[in-house]
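Hi everyone, thanks for making time today. I'd like to walk you through one structure, so please have a look at it first.

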Amino acid sequence: MNPLALDLNEQLSKSNPEIADMLSDLGKLMYYPKGILSQSAEAKSTKYNATIGMATYKNSKMYADTLNGVFSNLDPDEIFPYAPPQGIEPLRDLWQQKMLKENPDLNVADMTRPIVTNALTHGLSIVADMFIDSGDTILLPTHNWGNYKLVYSTRHSADIETYDIFDDAGHFTTENLVATLENYTKDKVVLILNYPNNPTGYTPTTDEVKTIVSAIKSLAERGTNVIALIDDAYYGLFYEDVYTQSLFTALTNLHLDNLLPIRLDGATKEFFAWGLRVGFISFGVSNETTKQVLEAKVKGLIRSNISSGPMPSQSAVKYVLEHADTFEKEIQKNIDTLQARYEVTKAVVYDTRYAPYWKAYDFNSGYFMALKVHGVDPEQLRLHLINEYSIGIIALNDTDIRIAFSCVEKDDIPHVFDSIAKAIADLQK
Ligand SMILES: Cc1ncc(COP(=O)(O)O)c(C=O)c1O
């Protein structure tokens with residue numbers, strides 16, 4: 001059991017043993033991780049808060065005007081009624097059209113119509129409810145989003161196994177994934193593929209995608225049932241020449257019966273609308289009966305959990321998809337702003353004068369980049385940066401930190417990294 005859960009149980013046994021006795025097995029196992037959210041909370045009053053998974057300006061969030069203004073354009077029938085469990089139908093169609101436009105290699109016949117989720121985390125949980133039994137193996141890169149552990153390991157007792165996606169020099173490599181899949185002998189596996197990656201901001205190139213897809217194909221052809229869960233939270237935030245379709249498309253096009261590609265995506269990051277809670281789940285299958293069965297089961301899971309998602313948010317996303325011309329320009333402007341921050345970050349972090357302090361992991365997309373810091377404890381560095389430099393960063397593990405350049409103005413980026421170097425130098429003494 002996680003030590004934080006143990007601690008909560010002990011506290012409850014003292015404060016109210018009767019309630020401690022009432023907890024279910026899952027209730028006993030549950031805890032609130034000391035992860036990104038608590039580190040973010042501690043950095044709340046810093047001048048440069050590069051902890052959060054949003055995109056911000058100095059004094060406001062980065063959003064699209066059309067989406068901000070949408071609520072005064074909705075009519076009461078688009079706000080107050082229940083949405084159906086699977087989401088409002090025109091929104092499902094509009095999102096599917098968006099997917100097909102962005103993924104020219106994807107054939108409409110090879111996918112289910114996207115079902116609306118209460119954003120991506122809800123989709124992750126639906127996948128777990130539907131496909132994960134206790135002891136099933138989830139394969140993840142070592143650099144992964146912390147919430148997977150709570151969803152798959154804590155809630156569903158899955159076994160999480162990790163492989164490195166970076167070599168010692170910090171360069172992306174497919175070698176370990178390929179080796180892990182080659183040596184995999186069980187009859188079922190869940191692969192979570194999240195690119196642009198949180199926390200490193202890496203998206204594979206077309207050649208790297210070919211290698212990944214071919215390794216997954218070989219594993220499936222050897223008889224393992226493969227669930228390939230594509231977490232496309234940061235889809236579209238690409239700043240270099242990378243594979244810009246979804247891995248969902250490449251895997252769906254393999255047309256293997258024992259390989260099930262599942263795509264989770266949504267408005268959260270793509271539309272700069274974190275709090276709207278609109279996401280989608282789609283399956284890469286072509287058989288019509290299979291499509292209907294999967295949809296019925298997902299609807300049942302939604303009905304028995306949140307019943308249905310929020311109508312105002314769904315109507316808002318529908319509205320902007322119907323007004324795509326203006327909206328796409330606004331979104332592109334935000335992406336351009338992030339791209340400019342990315343360029344400055346790239347120019348700064350590889351400067352040789354910082355070589356004594358860190359090594360950057362390859363990055364080319366998304367909100368974040370990660371550094372392996374030399375000779376300091378990331379947690380100590382994090383606290384030192386808050387206290388002495390008014391800078392918030394995330395301590396990822398024993399060696400790495402994550403910096404959200406999505407939350408730092410372009411002109412402040414050199415100062416932020418220079419201060420991180422100074423803080424490391426302070427602690428190296
Ligand atoms: C990789 C990844 N997947 C999923 C999510 C969750 O997204 P949502 O807010 O839509 O639940 C996040 C959010 O930070 C994320 O970084």
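I'll start with the sheet, move on to the helices, and finish at the ligand.

Keep in mind that this is a predicted model. Let's begin with the sheet: it is open, has seven strands, and follows the order β2-β8-β7-β6-β5-β3-β4 with mixed pairing. Which strands sit at the edges? Those are β2, residues 115-117, and β4, residues 159-163, each of them pairing on one side only. On average, neighbouring strands here are turned by 25° against each other, ignoring direction.

Now look at the β2 end. Strands β2 and β8, the latter covering residues 279-283, run antiparallel and are joined by three bridges. In one of the pairs, Val116 has Phe280 in β8 as its bridge partner.

On to the helices. Helix α7, residues 120-131, lies across β2, β5, β6, β7 and β8, and runs at about 155° to β7. Helix α8, residues 147-154, lies across β3, β4, β5 and β6, and its angle to β4 is about 140°.

And now the part you may want to zoom in on, the ligand. Which residues come nearest? Of the 13 around the ligand, they are Thr121, Asn198, Asp231, Tyr234 and Thr268. For polar contacts, the side chain of Asn198 has an N or O atom 2.8 Å from a ligand oxygen. The side chain of Lys269 places an N or O atom 2.9 Å from an oxygen of the ligand. With Leu120 it is a backbone N or O atom that lies 2.9 Å from a ligand oxygen. On its own the ligand has 400 Å² of accessible area, and the protein covers 92% of that.

That's my tour, thanks for listening!

Technical notes:
Residues numbered from 1 in each chain as written. Predicted model: local features only at pLDDT ≥ 70, side-chain atom pairs only at ≥ 80, totals over all residues. Heavy atoms only, no water. Pairing = 2+ DSSP bridges. Helix = DSSP H or I, 4+ residues; strand = E, 2+ residues; numbered from the N terminus. Axes fitted to C-alpha atoms, helices over the stretch in contact; angles between N-to-C directions. Contact = heavy atoms within 4.5 Å. Near = heavy atom within 4 Å. Polar contact = N/O pair within 3.5 Å; in protein donor to acceptor, adjacent residues only side chain to side chain. Areas by Shrake-Rupley, 256 points an atom, 1.4 Å probe, with all protein chains shown as cover.
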